[in-house]
2 protein chains.
Amino acid sequence: MREGPDIARIASLVGDPARANMLSALMGGTALTASELALEAGVSLPTASSHLSKLMEGGLLTLASQGRHRYYGLAGPQVAGMIEAITGVAAAVGPQRVRPGPRDAAMRVARVCYDHLAGEQAVAMLERLVARQVLLRDDKEIQLGPSAASHFAAIGIDIHTKARRPVCRACLDWSVRRSHLAGTLGAAILDKILAEKWARREKDSRAVIFSPAGKQAFENTFLA
Amino acid sequence: MREGPDIARIASLVGDPARANMLSALMGGTALTASELALEAGVSLPTASSHLSKLMEGGLLTLASQGRHRYYGLAGPQVAGMIEAITGVAAAVGPQRVRPGPRDAAMRVARVCYDHLAGEQAVAMLERLVARQVLLRDDKEIQLGPSAASHFAAIGIDIHTKARRPVCRACLDWSVRRSHLAGTLGAAILDKILAEKWARREKDSRAVIFSPAGKQAFENTFLA
DNA sequence: CGCATAGTTCGTTCCTCATCGAAGCATCCT
DNA sequence: AGGATGCTTCGATGAGGAACGAACTATGCG
């Protein structure tokens with residue numbers, strides 16, 4: 001029996017799927033709230049809360065309380081490096097490329113990422129909005145352009161800049177290797193897509209299926 | 001829910017104490033047999049075998065069969081780097097220095113490491129043997145010196161060089177940060193210590209307790 | 001003050017997985 | 001061949017821990 005640092009304890013913290021998802025989500029560098037992490041991990045809030053306290057106790061996370069929001073973030077670069085190392089091994093040994101089924105294909109095209117749209121459609125939308133200078137992309141940050149308010153108002157989306165949560169955020173897409181739009185604006189756009197019934201959510205999946213007419217409407221609105 | 005490499009799967013492999021001990025033991029770089037790893041992990045052979053097949057399936061280990069021996073080793077530097085990273089985090093966040101109890105003190109002085117002696121006594125012994133050129137230390141390797149055979153024969157230990165297993169091997173000591181002697185010679189020395197009743201093994205522990213007379217005899221024999 | 005939102009705690013259920021004994025293969029030694 | 005050693009497989013047992021609903025606390029808003 002070996003002595004020394006308890007590596008099993010740390011590894012088992014990462015070894016639970018829900019916690020691993022949370023940690024992966026935090027690898028972006030931005031701190032997230034408990035409810036955001038719950039959605040990211042696909043578990044209920046109580047479950048997420050339990051996991052988060054375990055991660056805190058294990059020293060893997062830091063906590064910044066802001067009013068009733070509690071922002072969890074990775075404890076430091078050493079922890080991030082560890083996740084990277086594990087991810088590297090997982091990617092290396094796990095090229096168990098399951099043949100992508102129909103649902104996976106749909107997922108690549110459009111899916112829900114927390115509360116906003118991800119996938120090829122979402123990436124294309126963000127790039128178009130930036131090209132038209134409705135949004136301004138400054139390195140990793142995304143800002144509203146001068147015409148943003150009127151542009152989105154015309155579509156039927158008004159931008160709440162008062163919220164604590166940022167209006168725009170870049171979120172790295174898994175399938176494509178580019179970013180899509182998160183933040184309250186990203187959420188509002190997803191809301192509109194579902195409200196207008198341009199698309200529906202697949203049951204028990206993150207996939208978002210556009211109807212033919214809905215796809216056309218979406219493209220007219222955001223990809224014109 | 002995140003996509004991409006299944007980091008939880010890899011981390012959970014490391015997250016079991018028995019498997020973590022095995023992996024730590026293999027961090028030395030030398031491949032070990034299933035029974036060695038079972039002892040190292042403190043589990044029975046069937047249990048160890050089950051763990052090893054899981055680690056194999058996870059791609060963390062390589063297997064080299066030599067006759068009826070099966071030598072398990074880390075799959076590569078990437079895996080080793082991952083273990084390092086996890087160990088680093090565990091050491092950083094876990095300075096939960098429990099006050100060392102009496103048994104821990106005894107463990108630091110002398111304990112069993114698989115089939116040979118470890119701890120301060122063992123480290124001192126190896127350094128003395130090297131200083132007297134009975135053994136020759138070449139970087140990480142340990143060789144028998146010219147006088148080794150006669151020296152150990154005088155003590156009552158004959159060296160079997162025929163065995164597949166190496167006669168001498170350096171094994172990094174956990175408590176002290178230096179090496180002690182493993183291999184068949186290390187095992188033979190431990191056998192002698194116990195056979196002469198210079199020391200006894202603590203029940204349910206790896207600690208080795210020397211009697212006052214036994215300690216004297218040991219020092220006369222190996223530390224002179 | 002009352003309502004809504006964000007989180008945690010508690011208690012229960014359930015399932016995975018680590019564990020070991022016994023038995024079965026495989027390989028080596030003489 | 002026959003025995004010994006090294007290791008794996010099988011089957012049964014048991015404990016840890018992940019999950020969620022319900023209830024509770026805390027903060028913000030009007």
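## Exercises on a predicted protein–DNA model

The structure holds four salt bridges over all chains. Keep in mind that this is a predicted model. Each exercise below comes with a worked solution.

### Exercise 1: A salt bridge inside a helix

**Task.** Find the salt-bridge partner of A:Glu219 and say where the two residues lie.

**Solution.**

- Step 1. Start from the general idea: side chains of opposite charge can pair when their charged atoms come close.
- Step 2. Look for the partner. A:Glu219 pairs with A:Lys215, and their closest N and O atoms are 2.9 Å apart. The cut-off for a salt bridge is 4 Å.
- Step 3. Place the pair. Both A:Glu219 and A:Lys215 sit in helix 10 of chain A, which covers residues 212-222. They are four residues apart, about one turn of the helix.

### Exercise 2: How chain A relates to chain B

**Task.** Work out what turn and what shift lay chain A on chain B, then name the kind of axis.

**Solution.**

- Step 1. Recall that two copies of a chain are related by a rotation about an axis and a shift along it.
- Step 2. Superpose the chains. A turn of 179° with a shift of 0.3 Å along the axis lays chain A on chain B, and the RMSD is 0.3 Å.
- Step 3. Name the relation: it's that of a two-fold axis.
- Step 4. Check the contact residues too. The same surface serves both copies, as 100% of the contact residues of chain A recur in chain B.

### Exercise 3: The interface of chain A and chain B

**Task.** Describe the contact between chain A and chain B by its residues, its buried area and its polar pairs.

**Solution.**

- Step 1. Count the residues: chain A puts in 44 and chain B puts in 44.
- Step 2. Get the area. The size of an interface is often given as the accessible area lost when the parts come together. Here, about 3,700 Å² is buried between chain A and chain B, with carbon and sulfur atoms giving 67% of that.
- Step 3. Look for specific pairs. The rule finds zero salt bridges across the interface of chain A and chain B. What it does find there is two residue pairs in polar contact, both at pLDDT 80 or more.
- Step 4. Ask which elements of chain A take part. Those giving two or more residues to the side that touches chain B are helix 1 (7-14), helix 2 (17-26), helix 3 (34-41) and helix 5 (77-93). Helix 5 of chain A gives the most, with 13 residues.
- Step 5. Sort by class. On the side of chain A that touches chain B, 25 residues are nonpolar, twelve polar and seven charged.

### Exercise 4: Around DNA strand C

**Task.** List the nearest residues to DNA strand C, and give the side-chain distances to its phosphate oxygens.

**Solution.**

- Step 1. Pick out the neighbours. There are 21 residues around DNA strand C, and A:Ser35, A:Ser49, A:Tyr72, B:His51 and B:Lys54 come nearest.
- Step 2. See what part of the DNA they meet. Of the atoms of DNA strand C that come within 4 Å of the protein, sugar and phosphate account for 72%.
- Step 3. Read off the phosphate distances. A polar side-chain atom of B:His51 is 2.4 Å from a phosphate oxygen of DNA strand C, and for the side chain of A:Ser49 the distance is 2.7 Å.
- Step 4. Add a sugar or linking oxygen: one lies 3.5 Å from an N or O atom in the side chain of B:Asp16.
- Step 5. Find the main contributor. Helix 4 of chain B gives the largest share of the surface near DNA strand C, four residues.

### Exercise 5: Around DNA strand D

**Task.** Do the analysis for DNA strand D, and say which helix gives the largest share of the surface near it.

**Solution.**

- Step 1. Again 21 residues surround the strand; the closest are A:Thr47, A:His51, B:Ser35, B:Ser49 and B:Tyr72.
- Step 2. Sugar or phosphate makes up 73% of the atoms of DNA strand D within 4 Å of the protein, and bases the rest.
- Step 3. The side chain of A:His51 comes 2.4 Å from a phosphate oxygen of DNA strand D, and that of B:Ser49 lies 2.8 Å from one. A:Asp16 has a polar side-chain atom 3.4 Å from a sugar or linking oxygen.
- Step 4. The largest share comes from helix 4 of chain A, with four residues.
- Step 5. By class, the surface near DNA strand D has seven nonpolar, eight polar and six charged residues.

How values were computed: Residues numbered from 1 in each chain as written. Chains lettered and ligands numbered in written order. Predicted model: local features only at pLDDT ≥ 70, side-chain atom pairs only at ≥ 80, totals over all residues. Heavy atoms only, no water. Contact = heavy atoms within 4.5 Å. Buried area = accessible area lost by both parts, 1.4 Å probe. Salt bridge = Lys/Arg side-chain N within 4 Å of Asp/Glu carboxyl O. Polar contact = N/O pair within 3.5 Å; in protein donor to acceptor, adjacent residues only side chain to side chain. Nonpolar A, V, L, I, M, F, W, Y, C, P; charged D, E, K, R; others polar. Near = heavy atom within 4 Å. Least-squares fit on C-alpha atoms with pLDDT ≥ 70 in both.
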